[in-house]
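Welcome to this structure! Here are a few points to read alongside the view below, going from the whole chain down to its pockets and one pair of helices.

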Amino acid sequence: MDLIEQIRRSPKVALHDHLDGGLRPATIIDLARNEGLTLPQTEPQALSQWFYDQADSGSLEAYLETFTVTIAVMQTYENLRRIAQEFVLDQADDGVVYAEARWAPALHTRQGLSLEDAVRAVRDGLADGMAKAQSQGQFIAARQLLSELRGLEPTTEIAELAIAYRDDSVVGIDCAGPELGFSSAAFLDSYKIALDANMFVTVHAGEADGLNSIHEALHVCGAHRIGHGVRLVDDIDFSGSTPTLGRLASYVGSLRIPLEICPTSNLQTGVAPDMNSHPFDALYRAGIRVTVSCDNRLMSQTTLTSEFSKLAIAFGYEMGDIRRFTINAAKSAFLPWEEKRALIHDMILPGYE
């Protein structure tokens, strides 16, 4: 069995996967037809390629523009429920045993859906997907992360909603959207509410912006994980025989703060010119807790198997490395300790034996 097939068959954990960035092209076409919406392409393969070409721009801002199409078909309970179910089934088909679907409820109220009903729709869709996957002999646990969105008026509604549904599919809050010019600290009140309730927090930082954004996410916002975080490499000196970590990198490494790295997406937004130049391996060799995710499977035409495979080809990784990245992700999941332990010992470790 070759390496890519071994990766495909091995259990995997997806921590950074946007619900509105992973729709099936055929589903978009179907839902757009029902809603009377016009699409740039009306054949699944052509639409898939359109998303990839638009996202493959070298700019995070241009990359984010593709979401206007997906979000347009995610404005009703029925549509959200279907999309959440397919999110789970597509992950299960790729061997993912735990997935967190992150999304911004505030973007899904254009047709009168309340924030709470939107969360319920995704909850029900995730449950549908898990039940259907199990009936097909596939185990997967799926949860949702509610995202604050940079550029929107800060409120505490999302944090309060996350807490209200924390025992009903929601495992934490996120802050997403354009980094440059939009401080994650704008949602400080939300983070305070979440942290006071012992809720998990992750923040997009260190992709389009530099070390200052990672510092802010950790020390102002109280993030437990960093979305992307690849610019942390700027605080590591590789000129000697062993990497020398700066103050921030040492802090991240010592506390085992996970970076949710999405290699293909990073290339599309200009982090590096090619996979061989991606900072993932440098961060890994420096002892940082790196994890691997897809970010947006539709825009990047990718799967978690594909992400691992590209890294393995670029840096010569073997299954021992893939196992380590997966355990890193499982350890970093926003789950209660008992569930996390079961995920690692009952699913991940046996799967790699």
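1. Let's start with the overall fold. In this predicted model, the protein chain has 16 helices and 10 strands. Its radius of gyration is 19 Å, close to the 20 Å that the globule rule gives for 353 residues, so the chain is as compact as a globular protein of that length. If you would like a feel for its extent, the C-alpha trace spans about 60 × 50 × 40 Å along the principal axes.

2. Next, please look at the largest pocket, which has a volume of about 410 Å³. Its lining is made up of 26 residues. To find the pocket on screen, try selecting Leu 64, Phe 67, Leu 107, Leu 149 and Gly 177, the lining residues that lie nearest its centre.

3. Where does that lining come from? Helix 4 (60-65), helix 5 (67-72) and strand 3 (141-149) each supply at least two residues to the largest pocket. Helix 4 gives the most, with 5 residues. By residue type, the lining of this pocket divides into 11 nonpolar, 7 polar and 8 charged.

4. The second largest pocket has a volume of about 230 Å³. There are 14 residues in its lining, and those nearest its centre are Arg 166, Asp 167, Val 170, Val 171 and Pro 336. Here the lining residues divide into 7 nonpolar, 2 polar and 5 charged.

5. Finally, a helix pair to explore. How do helix 2 and helix 6 cross? The axes of helix 2 (residues 25-35) and helix 6 (residues 77-93) come within 12 Å, with a crossing angle of roughly 175°. Helix 2 is therefore roughly antiparallel to helix 6.

6. To see where these two helices touch, highlight Thr 27, Asp 30, Leu 31 and Glu 35 in helix 2; they meet Asn 79, Arg 82, Ile 83 and Glu 86 in helix 6. The residues of this contact divide into 2 nonpolar, 2 polar and 4 charged.

How values were computed. Residues numbered from 1 in each chain as written. Predicted model: local features only at pLDDT ≥ 70, side-chain atom pairs only at ≥ 80, totals over all residues. Heavy atoms only, no water. 1 Å grid on protein atoms, 1.4 Å probe; cavity = no way out; pocket = protein on both sides within 12 Å on 5 of 7 lines; lining within 4 Å. Points joined across faces, edges and corners; volume = space filled by probe spheres on them. Helix = DSSP H or I, 4+ residues; strand = E, 2+ residues; numbered from the N terminus. Nonpolar A, V, L, I, M, F, W, Y, C, P; charged D, E, K, R; others polar. Axes fitted to C-alpha atoms, helices over the stretch in contact; angles between N-to-C directions. Parallel < 35°, antiparallel > 145°, perpendicular 65-115°, else oblique. Contact = heavy atoms within 4.5 Å. Rg over C-alpha atoms; globule rule 2.2 N^0.38 Å.
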